[in-house]
Structure formats: C-alpha cells, structure tokens
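Colleague: Could you take me through one part of this predicted model in detail, beginning with its charged side chains and then moving outward to what surrounds them?

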Amino acid sequence: MSATPTRRMIGVMLLIPLIAALALAAFAWPAARVAPHEVPVGVAGPASATAPLQQGFERRPDAFEVHRYEDEAAARAAIEDRDIYGAVVATPRGPHLLTASAGSPAVAQLLRDALTAQAPEGTEVQVTDVVATPAGDPRGSALGASAFPLTLAGVAAGALVSLLALRGIRAVGALFGAAALAGLTATALAHSWLDVIAGNWWAEAGVFGLAVLAVGSAVAGLAALFGRPGIGLGALLMVLVGNPLSGVSSAPELLPESVGPLGQWLPPGASGSLLRSVAFFEGNAAFTPALVLALWAALGLTALAAGARRQAPAPEGPGTPSPAMRPARAA
C-alpha cells in the first residue's frame, strides 16, 4: 500500500471524530446550559401588592429583568408587543400569571414553575395564555424544528450557485428564485398543511424566503471570495454556529449568557424571531430581525458581485491582437 492512500486513511480517521466533536459541542453545549438570563417579565398592580412578587423574581440574580405595569391591561399589551414574555398580576384572589406560549413555551413553563414555587402552599395560581401556540403545535416543537431545514435550504442554494459557476444576474436570479419558491413551499407545509403557524400567509412566506435568501447569499458570497472553502466556511457558520445559537426551540435569554445575543445577529436566530413575530404577534418586534436578515442578504450579494468582478478576465487593450490574429506557437 502506498504512503498517500495511507495518509488519506489516517486523515479520514482523525477528521471524522473531530467533526463529530465540533457538532456535538455546538449543539449539545447550549442545550445542556439552558438557564434564564435577564428574561424580561412584568408585574402588574399596586406597588404594595407587587413588591413581594418582584422580590420573588429577584431572588435569582440576573435571571429575570422585571418591569412594572399599572394594571393587567398594560401587562397584556406589553406581552402582545413582545416587550416581555409574561407577567404576574396581583389580584385580591392571589397572583394571576399571564404567559405567551407562542413567544416561548419554555419560558412560559419556567414562569409557571417560578410562580408556583413562590405561592403559599395550597394556593392555586391562575394562568392565562395571552398569545397561545396554535392547536397544530401546542408545544411549539414544530416551529422550533423549522430553523434547521431553512438553514440547510439556504446553504444548498448558495453552494449550488457556486458549484454551477453562475455569475451576475443568473446568480442573483437563482438565489432570489430559490428563496421565493422555498418560502412558498415552507408556508404551504407549515401553515396550510401542518397548521403550526397562524399569521398572514404571504407575510410568513416572505419570512421563510428572506431567511433562505440571507443564508444562501452569505454562502454564495463567501464562495465567490474564497472559492470552494468559502462554501464550507459558510456552512459551518450557519449550521454549527447559527443554528444551535438561534434560540428558536427555547428562547435567546435561556441560552448561555455569552452567546444568546450573538445568535440573534445570525440568520437562523433572526429568522426564528421574525417568524414568531409575524406568525403570532401581528408583526410586533419584527423590525430588528428583518433588518438583520436583509443585511446578511445585502452583504452576501455584494460579496458575490465583488468576487465575480475579481474572477472576470481583464479586458484586452486596443493594441492587443484578437485570438484569431495571434501567431500560432511553434510546435
């Protein structure tokens, strides 16, 4: 056996465990360290009645960010605007918990557990789900699972544009066309068939399409700048970094404190937040994640154009003979 095949065999044996370790660390570490970090919640009612409720949240340092509201109506409005995940209203009959499972089933359950632990023994805590998950996805698991397929679709779109050597308007057309069709297909499945999202159909299709376009443009742009290694770099960034840090299956505030905000600046996290806003909260708090996705798409397309110009052959000068007029080389 020659040395070269032996080295390749050893390389494969060492590379696969390394890839497995990186993937396991990327996906398992955030899941294993789920804990609240500055989760925005509210308390509503007279100050004298809400003080014990606020102190209960503050017993866990840095776990909750408590906002005060005058009454239940103000707390409900803040939940619907996605300013907070839930609120505790002080009533003569005891604490009344308002949640939004559509915003994060994990946070809704966390608030139930926290309030139940604070309540005196034998006290029944009243819970109202202000913005509930749809009947087709009561645990919100299907929405959480949507981030990975969208990321894969975007990576595939960007990789194919590069591998098929599409340039200029054809590359842009392929990315926009693939994103638009992927958005329509995903909405038909998630909204019309599975009934796991419940907003405006066309707005949801736009979110899905923008998510695929942002990832695809980024991958295609990196490939245009760095060649085929750029495809791998883009895939690693989106799949092994962006997807685990997206917080779609839980909430950004439940991820490790150092990486939770980072995930919202990457397309998988931004698309998850935007989809929740459009599907369940009538577009409230949609501006920032939409801007993040638009910036990734714009930067990717700019890199794609720059890479294409760099790879284009230099124009021949006026004195340069055409290929037909150049003398043939001597054999």
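Modeller: Glu72 and Arg76 both belong to helix α3, where a separation of four residues places them about one turn of the helix apart. The two side chains form a salt bridge, with 3.0 Å between the closest N and O atoms, and a search of the whole structure of this predicted model finds one salt bridge. As a general point, side chains of opposite charge can pair when their charged atoms come close. Because partly exposed covers relative accessible areas between 20% and 50%, Arg76 at 27% falls into that class, and Glu72, with a relative accessible area of 25%, is likewise partly exposed.

The setting of that helix is a sheet. Five strands make up an open sheet of mixed pairing, in the order β2-β1-β3-β4-β5. The edges are occupied by β2 (64–69) and β5 (126–129), and since each has a single partner strand, one side of each is left without a neighbour in the sheet. From one strand to the next, the twist averages 25°. Within the sheet, β1 (residues 39–44) and β3 (residues 87–91) run parallel and are joined by three bridges, and Ala44 stands opposite Val89 in β3. Helix α3, which spans residues 72–80, packs on this sheet and touches β1, β2, β3, β4 (94–99) and β5, while its direction makes about 25° with that of β4. Helix α4 (residues 105–118) also packs on the sheet, touching β1, β2, β3, β4 and β5, but its direction makes about 170° with that of β4.

A charged residue elsewhere in the model offers a contrast to the pair in α3. Glu204, which lies in helix α8 (residues 201–226), is buried yet has no salt bridge, and Arg276, the nearest side chain of opposite charge, is 12 Å away. Because a salt bridge requires the side-chain nitrogen and the carboxyl oxygen to be within 4 Å, that 12 Å separation from Arg276 does not qualify. What the side chain of Glu204 does reach is the backbone nitrogen of Gly199, at 2.5 Å. Once its neighbours within four places in sequence are set aside, the residues in contact with Glu204 are Thr187, His191, Ile197, Ala198, Gly199, Val278 and Ala279. Gly199 thus appears both in that list of contacts and as the residue whose backbone nitrogen the Glu204 side chain reaches.

How values were computed
Residues numbered from 1 in each chain as written. Predicted model: local features only at pLDDT ≥ 70, side-chain atom pairs only at ≥ 80, totals over all residues. Heavy atoms only, no water. Helix = DSSP H or I, 4+ residues; strand = E, 2+ residues; numbered from the N terminus. Buried < 20%, exposed > 50% of the residue type's maximum accessible area, 1.4 Å probe, protein only. Lys, Arg positive; Asp, Glu negative; His and termini not counted. Polar contact = N/O pair within 3.5 Å; in protein donor to acceptor, adjacent residues only side chain to side chain. Contact = heavy atoms within 4.5 Å. Pairing = 2+ DSSP bridges. Axes fitted to C-alpha atoms, helices over the stretch in contact; angles between N-to-C directions.
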